[in-house]
Amino acid sequence: MSQTVPPVLSVHPSRSLVDEKLKVLVENLPPGSPVTLHSLHRSEDEHYWEAYGHYVSDHRGIVSVAEDLSVGGTYTGIESMGLLWSMRPVPGSRKGLRLRKMNVRSPMLFNISVYNGLITEGFREQTPLASALIERWYMAPGVQRIDIREKGVRGTLFIPPGPGPFPGLLDMWGGGGGLLEYRSSLLASRGFASFALEYFNSGELESAELEFSYFENAFSIVKDHPQVIPDKIGIFGLSLGSIMTVYLAAESTIVKPLCCVCVSASHFYPPGKNLHGVFEVMTMNSHMIRVDENGHHAWRDMGLEIIKEPSNRINVEKINCPMLLVNGLDDQNWPSVECADEIAQIMSAAGKGDLVTRLHYPDTGHLIEPPFSPHFRATKFKTATGKQKVIMLWGGQTKPHSDAQEDSWRKILSFLQHHLYSRETPKARM
């Protein structure tokens with residue numbers, strides 16, 4: 001490619017929240033030029049992730065990712081965010097990697113480049129025609145991050161920018177344990193005071209003698225904060241977090257959520273047990289875990305066996321608040337669709353069917369994350385005892401799973417705004 005005016009690559013906005021779309025434009029190319037657009041990210045655990053698309057410039061010498069077809073690469077078609085959601089570990093990386101932001105006080109950096117020709121490998125050995133560095137943030141300017149260590153509860157509370165007070169959320173992740181802040185910080189960036197709750201560390205589940213009061217105390221911490229509207233609090237849970245969400249909404253006399261969001265939901269919880277009791281029931285049925293030809297562990301069959309026992313189910317008919325159930329139809333980790341079916345049926349039989357809203361997505365797996373996050377069909381997972389790491393099969397196919405993440409996030413925010421706000425939600429922007 002030889003010309004006097006060099007190609008120009010622009011990405012707008014160059015600094016944005018992770019749920020905002022980008023406009024990637026290449027100009028000053030010769031008309032009809034084949035080029036490759038490439039994105040590269042170095043994760044906090046020092047692994048490299050990449051995505052790329054193949055394009056041909058139009059008669060003006062322009063490639064617009066939001067308007068033009070990718071004819072090959074890690075994604076195809078018109079995909080404005082394909083350079084992010086189709087990211088995967090670079091060739092030669094370890095198996096089972098998962099990309100997650102642990103320090104939300106710093107941005108995720110992505111290097112976007114354009115290369116001459118349609119290439120598929122060796123990007124770092126070639127010189128790009130042009131490059132741009134962008135920042136993607138989970139935490140908007142003005143969001144407050146508050147470390148919580150009180151009443152025996154640990155976690156991080158995020159308060160939106162502005163005078164407040166704000167609706168509140170108790171945010172609970174799944175069986176991998178640890179403190180994960182990125183969803184809560186993004187929710188705060190969208191106007192909700194969100195408490196990312198740490199209820200056991202990775203590998204601690206077997207010894208987690210957590211009683212119901214731990215979660216009730218966590219809810220009270222949100223409710224009692226001066227920047228939170230005390231009668232406008234919801235609960236947001238994924239996987240094991242969704243189990244606790246359903247259990248709290250059904251059984252607690254203290255926790256009275258205004259609404260609940262359950263991603264990859266389940267209504268499994270042995271009565272009168274703590275988290276250790278949940279683990280014991282799963283261990284008793286671990287012979288039902290299926291290991292596929294790749295050595296990936298699928299817990300779906302084990303879950304089906306567990307929920308056959310009526311005594312293992314939460315009395316969901318006691319729930320009196322609106323619920324949004326978000327499920328992937330290719331969930332290989334847990335029978336979350338069957339659980340959602342039964343939750344809806346029980347609520348309907350109790351005359352509460354109007355409280356249940358369902359989103360279910362084809363070819364979508366268990367890990368439904370905020371939008372434009374890469375899809376992880378199978379990743380390393382530390383079992384509850386912490387004695388073994390396995391490759392867990394979560395399910396899903398990259399394109400439909402990514403579409404589901406984008407669609408469900410928009411509808412989750414709409415659901416929360418409808419039930420927790422009586423006025424328009426503030427829109428924090430970078």
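Here is a friendly round of questions and answers about the structure above.

User: What kind of model is this, and what pLDDT do local features need?
Analyst: Happy to start there! This is a predicted model in which side-chain atom pairs count only at pLDDT 80 or more, totals for chains, interfaces and linings use all residues, and local features need pLDDT of at least 70. Residues are numbered from 1 along each chain as its sequence is written, and side-chain values use heavy atoms, with hydrogens and water left out.

User: How many disulfides are there?
Analyst: A disulfide is a covalent bond between the sulfur atoms of two cysteines. The rule here asks for a pair of cysteine sulfur atoms within 2.5 Å. The sulfur of cysteine 259 is 6.7 Å from the closest cysteine sulfur, in cysteine 260, which is too far for a bond. Cysteine 321 is in no disulfide either, with the sulfur of cysteine 260 at 3.7 Å, and the count comes to 0.

User: Is cysteine 259 buried or exposed?
Analyst: The test is relative accessible area: under 20% is buried, over 50% is exposed, and anything in between is partly exposed (1.4 Å probe, protein chains only). Cysteine 259 has 0% relative accessibility, so the word for this residue is buried.

User: Which helix gives the most to the largest nonpolar core?
Analyst: A nonpolar core is a set of buried Ala, Val, Leu, Ile, Met, Phe, Trp, Tyr and Cys residues joined through side-chain atoms within 4.5 Å. The largest one has 127 residues, and Leu37, Phe195, Leu197 and Leu416 have the most contacts inside it. Helices are DSSP runs (H or I, at least four residues), as are strands (E, at least two), and both are numbered from the N terminus. With 8 residues in this core, the top contributor is helix H4 (residues 240–251).

User: Where is leucine 197, and which strand holds it?
Analyst: Leucine 197 is buried, because its relative accessibility is 3%. Contact means heavy atoms within 4.5 Å, and beyond its neighbours within four places in sequence, leucine 197 touches residues including Leu170, Tyr214 and Phe215. Its place is in residues 193–198, which make up strand E13.

User: How are the rings of tyrosine 214 and phenylalanine 215 arranged?
Analyst: Rings of Phe, Tyr and Trp (its six-membered ring) pair if their centres lie within 6.5 Å; planes under 30 degrees apart are stacked, over 60 edge-to-face, and the rest tilted. Tyrosine 214 is buried at 8% relative accessible area, and phenylalanine 215 is buried at 2%. Their centres are 5.6 Å apart with 80° between the planes, so the pair is edge-to-face.

User: Which ring does the charged end of arginine 100 sit over?
Analyst: A charge sits over a ring if NZ of Lys or CZ of Arg is within 6 Å of the ring centre and within 35 degrees of the ring normal. Arginine 124 gives one example, lying over the face of tyrosine 48 at 4.2 Å from the ring centre. For arginine 100, the distance is 5.3 Å from the centre of the ring of tryptophan 173.

User: What is the phi of lysine 151, in the loop between E10 and E11?
Analyst: Two strands pair if DSSP finds at least two bridges between them. Strand E10 (residues 144–150) and strand E11 (residues 153–159) pair in the antiparallel sense over 7 bridges, and they form a hairpin with 2 residues between them. Lysine 151 is partly exposed, with a relative accessible area of 48%. Its phi is positive, although the residue is not a glycine, with a value near 55°.

User: Which strands stand at the edges of the open sheet E1-E3-E6?
Analyst: The 3 strands pair in the antiparallel sense, and 2 bridges join strand E3 (residues 23–27) to E6. Each edge strand has a single partner, so one side of each is left without a neighbour in the sheet; these are strand E1 (8–12) and strand E6 (63–64).

User: What is the omega of the peptide bond joining glycine 164 and proline 165?
Analyst: Proline 165 lies in the loop between E11 and strand E12 (166–172). Another proline, proline 13, follows histidine 12 through a cis bond with omega near -10°. The bond joining glycine 164 and proline 165 is also cis, and its omega is about 0°.
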